[in-house]
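Q: Hi! I've just opened this one and would love a quick tour. Mind if I fire some questions at you?

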Amino acid sequence: MEDRLKELQEEALASIEAAIDLKQLNDIRVAYLGKKGPITEVLRGMGKLSAEERPKMGALVNVVREKITEVLTAKQELLEAAAVEQQLASQTIDVTLPGRPVKVGNHHPLTAVIEEIEDLFLGMGYSIAEGFEVEEDYYNFEALNLPKGHPARDMQDSFYITDETLLRTQTSPIQVRTMEKHQGKGPVKIICPGKVYRRDNDDATHSHQFMQIEGLVVDENIRMSDLKGTLEVFAKKMFGEERQIRLRPSFFPFTEPSVEMDISCFICEGKGCNVCKKTGWIEILGAGMVHPNVLEMAGFDSKKYTGFAFGMGAERIAMLKYGIDDIRHFYTNDIRFVQQFKRA
């Protein structure tokens with residue numbers, strides 16, 4: 001048995017020396033040191049030896065196994081180093097070649113405009129308020145001076161879930177909920193960006209869903225002049241310092257008086273073109289002084305507090321700012337459209 005162990009050691013060392021790759025070396029490891037290898041067979045035969053011979057033979061088996069393992073490890077390190085050298089030689093990298101450009105994403109133009117408007121009003125002391133897209137009829141209409149059956153509701157018909165819940169048609173419910181939280185105490189100074197829904201037919205300028213940004217200020221002694229000054233700052237910051245604004249009388253159930261705001265056309269500078277329909281002015285948003293009924297329903301004393309509100313479609317602002325001719329471009333997920341605004 002002792003002679004057999006010495007013979008196995010010599011065979012194993014010779015095979016290891018002749019190994020040319022890591023796979024062959026691993027096969028040798030399994031062949032000699034595995035559970036079915038000859039050294040294991042020797043161990044199984046030790047039961048036939050006498051009690052005096054077993055310790056001597058066991059020690060010899062361990063010496064042979066350790067020697068084979070030691071030589072295997074040394075050979076493995078040599079083959080691994082050789083494999084690395086071969087790989088480096090076959091995969092030479094030219095460090096002078098230009099790097100591969102990494103495509104970097106950019107903001108969607110609609111997101112960019114919304115964030116620009118948010119930053120503008122945050123700088124004016126406003127805070128951002130958010131609310132629910134699925135809203136109660138009360139907050140979407142009734143609390144805004146639009147009781148059931150009011151004809152003005154037809155202008156904002158929406159998608160109803162039940163008789164009393166619907167997809168909001170405006171972000172005005174956020175204003176009402178915010179005023180309720182203030183429990184009749186001012187000031188309130190917020191903008192409310194968010195998605196709204198209406199049963200409009202989709203075309204170049206209309207969509208059944210769009211982004212709206214509304215603003216609300218409620219405090220003592222708020223006047224129409226405060227509203228005009230705020231809208232003038234907005235127009236100049238968004239479309240250029242040379243812009244002029246024009247307020248035209250209008251009607252909204254939740255404001256009184258109500259106005260539509262136009263800005264002087266930045267394409268033709270007021271001379272008349274297709275964008276401004278030859279008028280020199282472009283309609284931007286609606287606004288007005290908060291109706292006393294709306295203040296009272298939200299818990300404010302309308303004899304002590306006044307306020308103004310305004311609302312705009314973010315898509316319309318983006319279309320005018322970037323010269324986009326179809327609102328549907330914002331939602332068709334055409335990467336070519338978005339890539340135009342990397343530097344916008």
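Q: Let's start with a detail: which side chain is joined to that of Asp262 by a polar contact?
A: Happy to help, and keep in mind that this is a predicted model. The partner is Arg248, with a polar contact of 2.6 Å between the two side chains.

Q: Is Asp262 buried or exposed?
A: Asp262 counts as buried, because its relative accessibility is 2%, under the 20% cut-off for that label. Asp262 is part of strand 7.

Q: And what else does Asp262 touch, leaving out residues up to four places away in sequence?
A: Besides Arg248, the list has Gln244, Ile245 and Arg246, then Trp281, Ile282, Glu283 and Ile284.

Q: Ok, switching to nonpolar residues. How many are in the largest core, and which have the most contacts inside it?
A: That core has 45 residues. Those with the most contacts inside it are Ile117, Phe234, Met261, Ile284, Leu285, Phe310 and Ile317.

Q: Which elements supply at least two residues each?
A: Four helices and four strands do, if you go through the list: helix 5 (109-123), helix 8 (224-239), helix 10 (314-322) and helix 11 (335-339), along with strand 5 (209-219), strand 7 (255-264), strand 8 (281-290) and strand 9 (306-313).

Q: What is Phe234 in contact with there?
A: Setting aside neighbours within four places in sequence, Phe234 contacts Ile117, Leu120, Phe121, Met261, Ile284, Leu285, Met312 and Ile317. There is also a second, separate core of 25 residues, including Ala129, Leu146, Ala152 and Val290.

Q: New topic: why is helix 7 described as largely enclosed?
A: Because 7 of its 10 residues (the helix spans 172-181) are buried. They are Ser172, Pro173, Ile174, Gln175, Val176, Thr178 and Met179.

Q: What covers those buried residues of helix 7?
A: The cover includes strand 2 (134-136), helix 6 (137-140), strand 4 (188-197), strand 5, helix 9 (292-297) and strand 9. Just after helix 7, Gln183 has a positive phi of about 50 degrees.

Q: Zooming out, how many helices and strands does the protein have?
A: There are 11 helices and 9 strands. The protein is more spread out than a compact globule, because its radius of gyration is 40 Å, well over the 20 Å that the globule rule gives for 344 residues. Along the principal axes, the C-alpha atoms fill a box of roughly 115 × 50 × 35 Å.

Q: Last one: what share of the residues is buried?
A: Of the 344 residues, 41% count as buried. As for the surface, the protein exposes about 19900 Å², with carbon and sulfur atoms supplying 52% of it.

Definitions and conventions
Residues are numbered from 1 along each chain as its sequence is written. This is a predicted model: local features need pLDDT of at least 70, side-chain atom pairs count only at pLDDT 80 or more; totals for chains, interfaces and linings use all residues. Side-chain values use heavy atoms; hydrogens and water are left out. A nonpolar core is a set of buried Ala, Val, Leu, Ile, Met, Phe, Trp, Tyr and Cys residues joined through side-chain atoms within 4.5 Å. Buried means under 20% relative accessible area, exposed over 50%, partly exposed in between (1.4 Å probe, protein chains only). Contact means heavy atoms within 4.5 Å. A polar contact is a pair of N or O atoms within 3.5 Å; within protein, one must be able to donate a hydrogen and the other to accept it, and residues adjacent in sequence count only if both atoms are side-chain atoms. The radius of gyration is taken over C-alpha atoms; the globule rule is 2.2 Å times the number of residues to the power 0.38. Accessible areas come from the Shrake-Rupley method with a 1.4 Å probe; for residues, only the protein chains shown count as cover.
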